[in-house]
Amino acid sequence: MSVEVVKYLSVGLVMLSTIGAAYAVGKIGAAGLDGMARNPEASGSLLTAMILAIAFAEALAIYALVVAFLILFA
Amino acid sequence: MSVEVVKYLSVGLVMLSTIGAAYAVGKIGAAGLDGMARNPEASGSLLTAMILAIAFAEALAIYALVVAFLILFA
Amino acid sequence: MSVEVVKYLSVGLVMLSTIGAAYAVGKIGAAGLDGMARNPEASGSLLTAMILAIAFAEALAIYALVVAFLILFA
């Protein structure tokens, strides 16, 4: 395998790791909506906390994206 | 396989380990939101504890990121 | 495969082991937040116990990190 070939394989593996981030976003989003439905008075603080938690999960996907860009272009 | 080739494969494997961190973030975020909906008076201390626990999980992803950068650039 | 080549593959495998640590952090964090929501008076002692338990799980990831560094640089 040449270097050029393995770079693309590696980007594939790296981006597979965003499966985890997607799981987290799904889990957090579902829990947030579930909570809002059960307790609508807490909607505001739940929405804030949900967006905060999703941002942490999203960051994990952005790490993978940064590494993929570095492999492709650095 | 040359060293240059295996470096990229290894980065792919290392970044796959962030799937675990994402699972943790999802689980913790969901539990936090669930608790806030069930007991809104505890929202403040729950949010603090949630962010603390998510930070520990995020640290695991940053370990992987550090190792990936070391493999790519050191 | 030469020694240099297998070193990098091995680092990739070693870092994959942090998935287990992340699972533990997620499970412990979720249980801690769940407990705080159900019984807010116990928040303080639950937070202490949660951080202690997460630290043990985090140690497992640090073992992997130490081994990865030793493989790469020793």
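**Reading chain A, step by step**

Modeller: In chain A, take the contacts between residues at least 6 apart in sequence: 71% of them join residues at least 24 apart. Please keep in mind that this is a predicted model.

Colleague: Thanks! Which helices and strands should I look for in chain A?

Modeller: You will find three helices and zero strands there. Going along the sequence, the pattern of chain A reads α-α-α.

Colleague: And how do I judge the overall form? What is the radius of gyration of chain A, set against a compact globule of 74 residues?

Modeller: The radius of gyration is taken over C-alpha atoms. For chain A the value is 17 Å, whereas a compact globule of 74 residues would have one near 11 Å. The spans tell you more: along the principal axes, the C-alpha trace of chain A covers about 60 × 15 × 10 Å.

Colleague: What share of the residues in chain A is buried?

Modeller: Of its 74 residues, 41% are buried. As for the outside, chain A exposes about 3800 Å², and 75% of that comes from carbon and sulfur atoms.

Colleague: Let's try one residue. Where does Leu9(A) lie?

Modeller: Leu9(A) sits in helix 1 of chain A, which runs over residues 3-16.

Colleague: Why does Leu9(A) count as partly exposed?

Modeller: Buried means under 20% relative accessible area and exposed means over 50%, with partly exposed in between. Leu9(A) counts as partly exposed because its relative accessibility is 46%.

Colleague: Which residues join Leu9(A) in a nonpolar surface patch?

Modeller: Its partners are Met1(A), Val5(A), Met1(B), Met1(C) and Val6(C), and the patch is about 620 Å².

Definitions and conventions: Residues numbered from 1 in each chain as written. Chains lettered and ligands numbered in written order. Predicted model: local features only at pLDDT ≥ 70, side-chain atom pairs only at ≥ 80, totals over all residues. Heavy atoms only, no water. Patch = residues over 30% accessible without salt bridge, like charges linked within 9 Å, V, L, I, M, F, W, Y side chains within 5 Å. Areas by Shrake-Rupley, 256 points an atom, 1.4 Å probe, with all protein chains shown as cover. Salt bridge = Lys/Arg side-chain N within 4 Å of Asp/Glu carboxyl O. Helix = DSSP H or I, 4+ residues; strand = E, 2+ residues; numbered from the N terminus. Buried < 20%, exposed > 50% of the residue type's maximum accessible area, 1.4 Å probe, protein only. Rg over C-alpha atoms; globule rule 2.2 N^0.38 Å. Contact = heavy atoms within 4.5 Å.
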